[in-house]
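Where does the ligand sit? The paragraphs below take up this question and then turn to the surroundings of the ligand.

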Amino acid sequence: MSSVRTVLVSGSTAGIGFATAEAFARDGARVIVNGRDEERTADAAARIREATGHDAVEPVAADLATAEGAAAMVAAVPQVDVLVNNLGIFGAQPVFEIPDDEWRRFFEVNVLSGVRLARAYAPGMRERGWGRIVFVASESAVMPPTEMVHYGMTKTAQVAVSRGMAQELKGSGVTVNTVMPGSTLTPGVEDFLRERIGADVPLEEAERRFMAEERPTSLLGRLIRPHEVASIVRYVASDEASATTGGLLRVDGGLAPSILP
Ligand SMILES: NC(=O)c1ccc[n+]([C@@H]2O[C@H](COP(=O)([O-])OP(=O)(O)OC[C@H]3O[C@@H](n4cnc5c(N)ncnc54)[C@H](OP(=O)(O)O)[C@@H]3O)[C@@H](O)[C@H]2O)c1
C-alpha cells in the first residue's frame with residue numbers, strides 16, 4: 001500500500017464535501033474534488049490548495065448522477081483508496097404530490113451515484129487489500145422527514161447498501177460505513193433557512209429559531225459545521241478505524257432521539 005492515498009469525494013465544491021476534501025488534503029492525501037461545472041470544480045480545488053498549502057488536489061468535473069458521468073470519473077481516475085459518496089440533493093415536497101420521475105431522480109442522484117462508484121472502485125481496493133468506502137447519509141435515514149419522504153427513502157437506502165457492500169467485502173481489508181450527519185450549515189441549508197425563516201432575518205437568529213422550532217430534539221442546539229462532519233469521515237477512512245465496518249456513525253448532535261442509530 002503506497003503511503004499517499006487517493007481520496008475521491010463526490011460533490012465537493014461546497015458544503016460537507018468541500019470540508020471533507022479539505023480535511024484529507026491537510027492529511028497529505030491526493031484528493032479528487034468533484035462537481036458538475038468545470039470552473040466551479042477547478043475553483044474549489046484551487047481554494048483547498050491555497051488553504052492547505054497542499055498541491056495534490058485535482059478537480060474532476062463530472063455529473064455523477066448519471067452513468068456517463070460515473071464512467072468519465074473512472075476514466076479520469078481509475079483507482080482510488082478512499083471513496084466518499086457525499087453527493088446528495090434534498091428538497092421539500094408533500095409525499096402524495098411527488099411524481100414518479102422525482103422519486104427516480106432522488107434515487108439516481110443520492111443512491112445510484114454511490115453504487116456506481118463503489119462498483120467501479122471496490123474491486124481494486126479488494127485486490128490491494130485496503131480500502132474505505134464512506135456513504136454520507138443523514139438523520140433522515142432513521143427519522144423519515146414528513147416534508148421530504150423521497151429524500152429520507154434515499155438516505156435509508158444508503159445505509160442498507162453500505163451494510164450489504166461491507167458484507168460482500170468481508171475479510172478483505174476494505175471497510176464500508178455510513179456517516180449520519182444532522183442539520184449542517186452548508187450553502188444549501190443557508191438558502192433553505194432564508195426561504196423558511198425569512199430573507200431579512202440575520203443568519204444567527206434564523207439558525208436559533210430553526211433549531212428551536214424545527215429541530216427541538218437536537219442536543220447540540222445549533223447547526224453542525226461542515227468540518228465537524230468531515231472529522232468523522234476522515235476518522236472512519238483512517239487506519240485507526242480498521243475494526244469499524246458495516247456500521248453507522250452518528251454526527252447528528254444527538255438529533256435522533258434514540259440510543260440506537
Ligand atoms: N447540510 C445538511 O444539513 C445535511 C444533513 C444531513 C446530511 N447531509 C448530506 O450531506 C451531503 C452533502 O450535503 P451538503 O448540504 O453539503 O450539499 P450542498 O451544500 O448542496 O453541496 C452539494 C455538492 O454536490 C455537488 N453536486 C450536486 N449535484 C451533483 C452531481 N449531479 N454531480 C456531481 N456533483 C454534484 C455540488 O456541486 P456543483 O453545484 O458545483 O455541481 C456541491 O458541491 C448530502 O448527501 C446530504 O444529503 C446534509
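On a 1 Å grid over the protein atoms alone, a pocket is an open set of points with protein on both sides within 12 Å along at least five of seven lines, and a molecule sits in a pocket if more than half of its atoms lie within 2 Å of its grid points. By these criteria the ligand sits in the largest pocket. The model is predicted, with local features needing pLDDT of at least 70 and side-chain atom pairs counting only at pLDDT 80 or more, while totals for chains, interfaces and linings use all residues. Residues are numbered from 1 along each chain as its sequence is written, and side-chain values use heavy atoms, with hydrogens and water left out.

The ligand is surrounded by 31 residues (each with a heavy atom within 4 Å of it), and the closest are Thr13, Arg40, Asp63, Asn86 and Tyr151. Helix H6 (187-197) is among the elements that give two or more residues to this shell, and H6 supplies the largest share, 3 residues. Because domain 1 (6-184 + 225-251) and domain 2 (187-223) both give residues to the shell, the ligand lies between them; the domain bounds come from an automatic or database domain assignment.

Among the polar contacts (pairs of N or O atoms within 3.5 Å), a polar side-chain atom of Tyr151 lies 2.6 Å from a ligand oxygen atom, and a backbone N or O atom of Thr184 lies 2.7 Å from an oxygen atom of the ligand.

Notes:
Polar contact = N/O pair within 3.5 Å; in protein donor to acceptor, adjacent residues only side chain to side chain. 1 Å grid on protein atoms, 1.4 Å probe; cavity = no way out; pocket = protein on both sides within 12 Å on 5 of 7 lines; lining within 4 Å. Helix = DSSP H or I, 4+ residues; strand = E, 2+ residues; numbered from the N terminus.
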